[in-house]
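Colleague: Could you take me through some backbone details of this model, step by step?

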Amino acid sequence: MESSLHEAIVVGAGQAGLSASHHLRRLGIDHLVLDANPTPGGAWQHRAHSLTMTDVHGVAALPDEPLPEADPAAPARDVVAAYFADYETRHRLPVVRPVEVRAVRDDDGLLLVEAADGRSWRTRTLVNASGTWRRPFVPHVAGIGDFAGEQLHSSAYDGPAPYAGRTVLVVGGGASAVQVLGEIAPAARTLWATRREPLWRDPETAPFDGRAAVALVEERVRRGLPPASVVSVTGLHLRPQEHEAARLGAYTRLPMPVRFDADGATWPDGTHRAFDVVLWATGFRPDVAHLVPLHLRGPGGGIALDGTTAVADPRVQLVGYGPSASTIGANRAGRAAAVAVRDLLRSAAA
């Protein structure tokens, strides 16, 4: 069966993907948005119920439409998902779901987008906004398979209630580890392990500079290196709701253990500590396996970008990758990708 042909296809309907679709539509560019989720909301719909609108502070806002007023105690996953759904409808964005994109291939000068269910589409350009949520990362540590307790990644964490009265090892040096410890520590015994000393930032003396942080991550992807997280260059800070955990000593950091066993782990100094749960707050990797047939990765291990454009194939834009994997840069990247698509289409027509 002949595949339909579009000027652009966006893969993913999270913040970056909806931003790209919004700007493509404003530019009059025929496109589809293919989303793997069965319902709107991007990664937000999968967040823990304990993440409330108090924690959001507008970072999930989409172009030209602020987040609605909401109860600060309402779960962000519910409010933001409803806002995304309304945005898709209000702005008449052409989202098709659920579509699991399996591969994107060159097709005699066009791009062929293949879905796992056998459907396919042809397109002149691609905006990849598949993000990272579906690729949680857990590092290998010796003996981890011997641990008899519970293990979960922070992507599966849904609030502190199941951990009351238990001992929880939280692994990871990012914002998610700090937030999880802030919730769990008042009701549980906690340990915190990271590979490197955490980088702390005092908001009073070192105000957050989102543009500078994004620029540092952009420099890595320009060089074709695997993208670093934005928080790795912004540093960590404690929110008011985490001060009690700090008082309890939850942010006393340990190095990584050298070996796990059935009831805990041994640390480099020979100390053995027992715990019931390992919570891996160790981040995510880019969800770009479907782009492998296009051979976008360079010798540095990453996909080199010029802005949002893949250097190895200018037909491909990446948003929600590297600097725009954070909510800080998602909307700006969506607009930049749409403009790059327009310019490429104009150049091809000329």
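Modeller: What follows is a short exchange about unusual backbone angles and one sheet. The model is predicted, so that local features need pLDDT of at least 70 and side-chain atom pairs 80 or more, while totals for chains, interfaces and linings use all residues. Residues are numbered from 1 along each chain as its sequence is written, and side-chain values use heavy atoms, leaving out hydrogens and water.

Colleague: Which residue does a cis peptide bond join to arginine 97?

Modeller: Most peptide bonds are trans. Here omega is about -10°, and the residue joined to arginine 97 by this cis bond lies in the loop between β3 (95-96) and β4 (101-107), where strands are DSSP runs of E with at least two residues, numbered from the N terminus. That residue is proline 98.

Colleague: Is aspartate 108 buried or exposed?

Modeller: Aspartate 108 lies in the loop between β4 and β5 (110-115), and has a positive phi of about 55° although it is not a glycine. Buried means under 20% relative accessible area, exposed over 50%, and partly exposed in between, with a 1.4 Å probe and protein chains only. Because its relative accessibility is 77%, aspartate 108 counts as exposed.

Colleague: Which residue of β12 is the bridge partner of phenylalanine 260?

Modeller: Two strands pair if DSSP finds at least two bridges between them. An open sheet of 3 strands has the order β11-β12-β13 with antiparallel pairing, and its edge strands, β11 (259-260) and β13 (272-274), each pair on one side only. Between β11 and β12 (residues 264-266) there are 2 bridges, and the partner of phenylalanine 260 in β12 is alanine 265.

Methods:
Helix = DSSP H or I, 4+ residues; strand = E, 2+ residues; numbered from the N terminus.
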